[in-house]
Amino acid sequence: MLPGSVEWPAEFADRYRREGYWLGTGLGELLRPWARTDPSRTAVVSGARRHSYAELDAWADRLAAGLSALGLGPGDRVVLQLPNSPEFVAVCVALFRIGVVPVLALPAHRRNEITYLCAHTEAKAYVAVDTYHRFDYRSLAREVRAAVPTLKHVVVAGEAEEFIALADLATAQRPAREERASASSAQVPAAVTAPDPGEVAFFLLSGGTTGLPKLIPRTHDDYAYQLRETASAMGFDERGVYLACLPIAHNAALGCPGVLGALWAGGRVVLAGSPSPDEVFPLIAREGVTLTTLMPSFLKLWSEMAPVLEADLSGLVVEVGGARLSPQDAALVGPALGCTLTRWFGMAEGVLSFTRLDDSEDVRVTTEGHPLSPADEFRVVDEDDRDVAPGQEGQLLVRGPCTLRGYYRAPEYNARTFTEDGFLRTGDLVRRTPEGRLVVTGRMRDVVNRAGEKVPAEEVEGFLAAHPRVRDAAVVGLPDPVLGERTCAVVVPEGQPPTLAEVREFLIGQGLAEYKLPDRVETSSVLPRTTLGKLDKRALRAALAQPG
Ligand code: AMP
């Protein structure tokens, strides 16, 4: 496995293969079977663009050839920062085919995150879009390239300026169509053999950690299993239409079954820029969408707007997860939207538990269902890693065929985050019902879950402390009716306290992603600390909850 990643022990890998979870197929095989058997079948719809399986498959091959010609080869890392677009899919599949490992950054990431990702992975290339939401990624690329010597290439989708245009990359090394047609195995550059399915296919970013995001290696085998199993559990086959309205660099919309699972199944993917009802309701009607993924924070808006926009969502299954959803709000989904709800607890780390379509209404409203795989091992433990009594709350520990055994290049963090026998400490508090279904009850980690985006408090505190008029700072999540949680920074000022606008502007200047910026700033002469000197966030939250 890629150096810096942690393998499953042989006895587990053997078992997962023997029992048919890992089938030895590479993610580079995505699109291929459908491109052969039904070439004109629509694979991806994005605005006015429609790409058939054959087109997308051939495009991925041309890109694979172009990327290889840049000198990228098996095991090399490439940071990929593209919005929901056909380019995202084509580049990903191209990289899977040549064994190059994409690191999936979010479009919201800025200099701080992208520089770190490129440096930490020693990425040879950075692939971005020209501009998106009024942000110019080429300026970002210039800063990152100046800071990261290993970064050899910048590839830009759209107007590339001094960088390599993605469009040129896809044509320059274009293998002759005749060659491709005559040689069945000449779909990717001749010198490239299919990557080992046990290898790392790509990196997802962890939302659940302190400081900068940790990298989660997902292998071809483990992710292909996740795609197949989630598609099958959701009854998604070649007749299915999946709407991606959350960022597809997130596991939720990428592979549960998401975009990649839908393409694996031969279904159609409809890409949207956001879950905004005025954008997606017409798409759902026009394309006959059967499945989508949503964060709980959007449910209220959807419920309010569905009658206004006269949306018919009766044929839709909505996977809701990523943040807490109360049973009361879950119970309203059916009556208010007329669609079918499934509740999901998921982590990019590969942990998945969800309600199935044939579960009773009560189960679908009050629990996060049962694990993805019969081979998943879920334990609920106390602070000493002892199993709690059935039905009691404790931390969820997980081991299984999709759950990583270690973050990339993070040995010390891994030593703390995994038990000796390889269980991931999720940092989430749960209990299990007598039938073994999961109910998520809370979180131990110092992360604000803002509309499903995870804001690592410690990272933001570090940046706040660098403000010239801030002596000390703490970041906490406060309940919010729309976002679930909003981010509040409490600062101990040095002289004139900085305003919210000043704090946000300062953090943007530091290159921090916008979703990590505080929604509220409070000042205090001192921050509460525990007897050990650690910030006492519980006390802080309680103080902030006091009126006035
Ligand atoms: P990410 O890896 O960004 O998807 O974040 C994973 C984290 O999101 C989990 O560790 C939980 O803290 C949170 N999360 C995911 N699903 C749920 C859920 N259904 N209820 C509460 N929290 C959730």
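## The E25-E26-E27 sheet

Three strands form an open sheet in the order E25-E26-E27, and their pairing is mixed. Its edges are strand E25 (470–480) and strand E27 (520–523), each of which pairs on one side only. Direction ignored, neighbouring strands of this sheet are turned by 25° against each other on average. The model described here is a predicted one.

Strands of a sheet pair through backbone hydrogen bonds, in either a parallel or an antiparallel manner. Here, E25 and strand E26 (residues 484–493) run antiparallel and are joined by ten bridges. Within this pairing, leucine 478 stands opposite arginine 486, the latter belonging to E26.

## Helix H17 across the sheet

Helix H17, comprising residues 457–465, lies across both E25 and E26. The direction of H17 is at about 145° to that of E25.

## Helix H13 and its surroundings

Helix H13 spans residues 299–308, and Leu299, Trp302 and Ala306 within this helix are buried. These residues lie on the same side of H13, because they cover an arc of only 50° around the axis.

Which elements do the buried residues of H13 pack against? Two helices are involved, namely H12 (277–287) and H14 (327–337), together with strands E14 (291–294) and E15 (317–321). After H13 comes glutamate 310, which has a positive phi, near 50°.

Methods
Residues are numbered from 1 along each chain as its sequence is written. This is a predicted model: local features need pLDDT of at least 70, side-chain atom pairs count only at pLDDT 80 or more; totals for chains, interfaces and linings use all residues. Side-chain values use heavy atoms; hydrogens and water are left out. Buried means under 20% relative accessible area, exposed over 50%, partly exposed in between (1.4 Å probe, protein chains only). Helices (H or I, at least four residues) and strands (E, at least two) are DSSP runs, numbered from the N terminus. The arc is that of the directions from the helix axis to the C-beta atoms. Contact means heavy atoms within 4.5 Å. Two strands pair if DSSP finds at least two bridges between them. Axes are lines fitted to C-alpha atoms, for helices over the stretch in contact, and angles run from 0 to 180 degrees between N-to-C directions.
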